[in-house]
Amino acid sequence: MKKSQKHDANLQKNSTLYFQVGLILCLLASYGALELSFTTSKDYVYSTPEIEDKTIYEVDPKIYKIIKEVTEEPKKEIVKPKPKNPDFKIADDKKEIEKLEKKLISVNLPVDKKVVLKPTDPVFDITPIEPPLNIMAVQRVPVFPGCESETNNDGRRKCLADKLTKLVQRKFDVDVASVLGLSGKQKIYVSFKINKQGEVEIVETKANHIDLEKEANRVIKKIPTMEPGKNNNKPVEVSYMLPIQFNIL
């Protein structure tokens, strides 16, 4: 009975030893196989799918500098045209130079050498331009056609004013103001002068609208030629101010 127990204990020890030896051999075999696989393995490239990054990054310009590549273009050579040689003539001696100087400095004078104008010539008498006299200051008021029967200045002035009023009433187109959309009382002032020939010359026209000024000037140009005003029995220019006033309802 003691012998069989001892035999079983030896078997247990041997089996443990055999297991350890077998385990070591397996590890050695696997290690050798791994070494062979690494030495004979080929190079493989592994690629990972690109993932779109939607993250917005802020770059501090103080830290990073953006450098643009500048490609220098080859400079084109500009070919300037050669200036043409001017035709210069060089004088050979002093005589040629003197001839050229005489041609340049020579002045054509009249043969008779008579003075065309003298300081005492009447052409130099400049008569000063006299300003027009006011209708109230002239010695003889201009006479409008149809006012010849008036014998004094008051009658001539009243007749002139009446004739001008009737002319404006007949010729002035009031619809100009209506077309412009104006309403109420409208005033136009026309300043004109009666020259030495008895003709009317417009000096200035003032109104609320330029179209009213044009219409007033059109009517004033229809004033007939008058007998000019006089001072010391000499024709003089006479100024006159004509106010035109009407009402648009």
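Let me start with a term. Helices and strands here are DSSP runs, helices of at least four residues (H or I) and strands of at least two (E), numbered from the N terminus. One caution: this is a predicted model.

Overview, then. The protein has 249 residues, and 19% of them count as buried. There are 5 helices and 6 strands. Reading from the N terminus, the order is α-α-β-α-α-β-β-α-β-β-β. Take the contacts with a separation of 6 or more: 68% of them join residues 24 or more positions apart.

Now the sheet. What is the strand order in the open sheet of 4 strands? The order is β1-β6-β2-β3, and the pairing is mixed. β1, residues 133-134, and β3 stand at the edges. Each has a single partner strand, so one side of each is left without a neighbour in the sheet.

How many bridges pair β2 with β6? There are 11, in the antiparallel sense, with β2 covering residues 184-194. One pair to find on your screens: I194 has V238 of β6 as its bridge partner. On to β3, residues 200-206. β2 and β3 also run antiparallel, joined by 6 bridges. Y189 is bridged to K206 of β3, and S191 stands opposite E204 of the same strand, β3. The β2 and β3 hairpin has 5 residues between its strands, and among them G198 takes a positive phi near 85°.

A second turn region is worth a look. N232 and N233 are our residues here. N232 lies in the loop between β4, residues 229-231, and β5, residues 234-236. N233 is found in the loop between β4 and β5 too. As background, most residues other than glycine have a negative phi. N232 has a positive phi, near 55°. N233 is also not a glycine, and its phi is positive, about 60°. Buried or exposed, then, for N232? Exposed: its relative accessible area is 58%, and the cut-off for exposed is over 50%. N233 counts as exposed as well, at 73% relative accessibility.

Next, the core. The largest nonpolar core holds 31 residues. Which members touch the most others? They are L164, I188, F192, I223, L242, I244 and F246. The elements giving two or more residues to this core are α3, α4 (175-179), β2, α5 (210-220) and β6. β6 gives the most, with 6 residues. The general background: in soluble globular proteins, nonpolar side chains tend to be buried together.

Stay with F246 for a moment. Leave aside its neighbours within four places in sequence. F246 is then in contact with F172, V174, A177, G184, K185, Q186, I188 and L212.

One residue on that list is G184, in strand β2. With neighbours within four places again set aside, G184 is in contact with F246, N247 and I248. What about L249? G184 and L249 are 65 residues apart in sequence, yet 6.0 Å apart in space, C-alpha to C-alpha. G184 counts as partly exposed, because its relative accessibility is 23% and buried means under 20%.

Last stop, the second largest pocket. Its volume is about 170 Å³. Which residues line it? L164, T165, V168, Q169, F172, V174, L242, P243, I244, Q245 and F246. Two elements each supply at least two of the lining residues: α3, residues 153-171, and β6, residues 238-248. The largest share, 5 residues, comes from β6. By type, the lining divides into 8 nonpolar, 3 polar and no charged residues.

To pull this together, follow β6. β6 pairs with β2 over 11 bridges. β6 gives the most residues to the largest nonpolar core. And β6 supplies the largest share of the lining of the second largest pocket. F246 is one of the residues in that lining, and F246 is also among the core members that touch the most others. That's the tour.

Notes
Residues numbered from 1 in each chain as written. Predicted model: local features only at pLDDT ≥ 70, side-chain atom pairs only at ≥ 80, totals over all residues. Heavy atoms only, no water. 1 Å grid on protein atoms, 1.4 Å probe; cavity = no way out; pocket = protein on both sides within 12 Å on 5 of 7 lines; lining within 4 Å. Points joined across faces, edges and corners; volume = space filled by probe spheres on them. Nonpolar A, V, L, I, M, F, W, Y, C, P; charged D, E, K, R; others polar. Pairing = 2+ DSSP bridges. Core = buried A, V, L, I, M, F, W, Y, C linked by side-chain atoms within 4.5 Å. Buried < 20%, exposed > 50% of the residue type's maximum accessible area, 1.4 Å probe, protein only. Contact = heavy atoms within 4.5 Å.
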